[in-house]
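User: Could you walk me through how to read this one, feature by feature?

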Amino acid sequence: RDYLYACIAQMLIEVFVNESIECLWMNFFVPTLVSSEVQSANSIIIDTVNHLCKVHDGNDDDTGSKVVASKHLVNAPDYLFVSTNVAKAYPTLMESIIIQ
């Protein structure tokens, strides 16, 4: 009988105390601790992307730069799709001409 009470007590403590503390820790305390670092990393990434997407010229306007409209600085398919690498390796194939 004491064993049954101990099992029930352990189960209640596990569910209500341990799981509650884990939920608080993982969903509140950890995000609060790292939020400033995540926000600073986010602003650095946004500044870097904005810098990469602008080209500097001799004109002095509000920002000192103009947005590139026709030139792609980062071509994602070249890095993400195998088909572009295959098309570059075999440029005479009809499929390669379509991909390029």
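**Reading the features**

User: Let's start with C23: what is its relative accessible area?

Analyst: Buried means under 20% relative accessible area, exposed over 50%, and partly exposed in between (1.4 Å probe, protein chains only). C23 comes out at 43%, so it's partly exposed. C7 lands in that class too, at 31%.

User: And how many disulfides are there?

Analyst: You'd look for a pair of cysteine sulfur atoms within 2.5 Å. Here the count is zero.

User: How far should I trust the model?

Analyst: It's a predicted model, so local features need pLDDT of at least 70 and side-chain atom pairs count only at pLDDT 80 or more, while totals for chains, interfaces and linings use all residues. Numbering starts from 1 along each chain as its sequence is written, and side-chain values use heavy atoms, with hydrogens and water left out. pLDDT is the predictor's confidence in each residue, from 0 to 100. The protein averages 80, and 80% of the residues score at least 70. By element, α1 has the highest mean pLDDT (89), and strand β2 (residues 65–67) has the lowest (50).

User: What order do the elements run in from the N terminus?

Analyst: Elements are DSSP runs numbered from the N terminus: helices are H or I with at least four residues, strands E with at least two. You get α-β-β-α-α-α, that is, four helices and two strands.

User: How far does helix α1 reach?

Analyst: The expected span is 1.5 Å times one less than the number of residues. Helix α1 covers residues 2–52 and spans 69 Å from first C-alpha to last, close to the expected 75 Å. There's also a kink of about 45° centred on S35, taken between axes fitted to the seven residues ending there and the seven starting there.

User: Why does T84 count as buried?

Analyst: Because its relative accessibility is 10%. T84 sits in helix α3 (residues 82–89). Beyond its neighbours within four places in sequence, T84 is in contact (heavy atoms within 4.5 Å) with P77, D78 and I99. Across the 100 residues of the protein, 4% count as buried.
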